[in-house]
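Q: Please take a close look at the cysteines in this model. Walk me through their burial and bonding, then add what stands out elsewhere.

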Amino acid sequence: MTTDETNVAIACQGGGSHTAFTAGVLRELLREFPAEHRLVGISGTSGGAACATLAWYGHVHPEEDPGELLSGFWTDLSASSPFHRAANNLIRWGIQLQRAGIPLPNVTPSSSPGAKWGRDEFQKLLESYVDFDAVPDLLDGTEPGLFLSAIDVCAGTFEVFREDDLSSSAILASAAEPHLFEAVEIDGRYYWDGLFSKNPPLNDFMSADDVVDPDEIWLIKINPQERPEVPRTMDGIDNRRNELSGNLSMNAELRFIERVNDWIDRGYLPSRYTHTDIKRIRFPKSRKLDWRTKLDRDPAFIDRLVHDGEKQAKSFLESQ
């Protein structure tokens, strides 16, 4: 590593199907990664955790390509078969009925065969793209750090899974939205979606002893920070609540990083602490999507989001 290198970490916010956008961003970033930049870490939550893992695995595996893994995964995850299209349409119809005020029965994921089937299908898909048994042999201390967030349901504490304990269950734990999946058990502890804890992990890049502190964090944002007006309809209120809740933990970590940067700039901290710039790659404002579309796996919808991500990443790289 030269003194002129810029150490970069990439953080992927969660957001269900909307993180197909993240797949497009990562595919472009890693294909055209700038010279004199060094990737030191990747983090993710929920759908962002799946994207981060595929990008990390493709980056460290000598026979894999991160762009191909991301493209193939989202193609297979989209509802392209007749059975998956029917299941996806059923979800969309249920959403329309809810919007119309028609009451639907509440079924917990632990009692739903559909939820169990969806969990198993998602886990099988992950395992078809990542050879988790081979991961230990890929670790030599030079690879970027991987950070996936979840929350311990009973203890109410954060959990960050690293590359040395990577498994399909860890990714599923990060993506276990409690209305869709029952809590995921790992070593006797039960986990829900990392959206409740770190969305995505940011401070962990600096606190991990085995990862070089990044000079820049490239944050792939799914949920918008601002809206031009107060929502008046119930749909608008639900959308904004979803956006705000998805940004809470992220904003707390960003404020801490900004505070540390200020202390560094004022000379309050030893020289071993480094200033970290946050650079955002935002979901396009032109895509004003209902939060419920985070469950939509329509192939055309997924493909459009992937291309949006590639376009935003190209614009971002051109600005560097």
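**The cysteine pair and its surroundings**

A: Cysteine 51 has a relative accessible area of 0%, so cysteine 51 is buried. The model is a predicted one. Cysteine 12 is also at 0% relative accessibility and therefore counts as buried.

Now the bonding. A disulfide is a covalent bond between the sulfur atoms of two cysteines. The search covered the whole structure and returned zero disulfides. Cysteine 12 takes part in none, and its nearest cysteine sulfur belongs to cysteine 51, 6.5 Å away. Seen from the other side, cysteine 51 is in no disulfide either, and its nearest cysteine sulfur is that of cysteine 12, at 6.5 Å. The cut-off explains the result: a disulfide needs the two sulfur atoms within 2.5 Å.

Next, another buried residue. Proline 144 sits in the loop between H6 and strand S3 (145–152). Its relative accessible area is 3%, so proline 144 is buried. Its C-alpha atom is 6.8 Å from that of isoleucine 42, although 102 residues separate the two along the chain.

The loop on the other side of H6 holds aspartate 131, between helix H5 (113–129) and helix H6 (135–138). Aspartate 131 reaches 40% relative accessibility, so aspartate 131 counts as partly exposed. Asp131 belongs to a negative surface patch. The other members are Glu63, Glu64, Asp65, Glu68, Glu127 and Asp133.

To recap: cysteine 12 is buried, cysteine 51 is buried, and the structure has zero disulfides.

Key
Residues numbered from 1 in each chain as written. Predicted model: local features only at pLDDT ≥ 70, side-chain atom pairs only at ≥ 80, totals over all residues. Heavy atoms only, no water. Patch = residues over 30% accessible without salt bridge, like charges linked within 9 Å, V, L, I, M, F, W, Y side chains within 5 Å. Areas by Shrake-Rupley, 256 points an atom, 1.4 Å probe, with all protein chains shown as cover. Salt bridge = Lys/Arg side-chain N within 4 Å of Asp/Glu carboxyl O. Lys, Arg positive; Asp, Glu negative; His and termini not counted. Charge placed at Lys NZ, Arg CZ, Asp CG, Glu CD. Helix = DSSP H or I, 4+ residues; strand = E, 2+ residues; numbered from the N terminus. Buried < 20%, exposed > 50% of the residue type's maximum accessible area, 1.4 Å probe, protein only.
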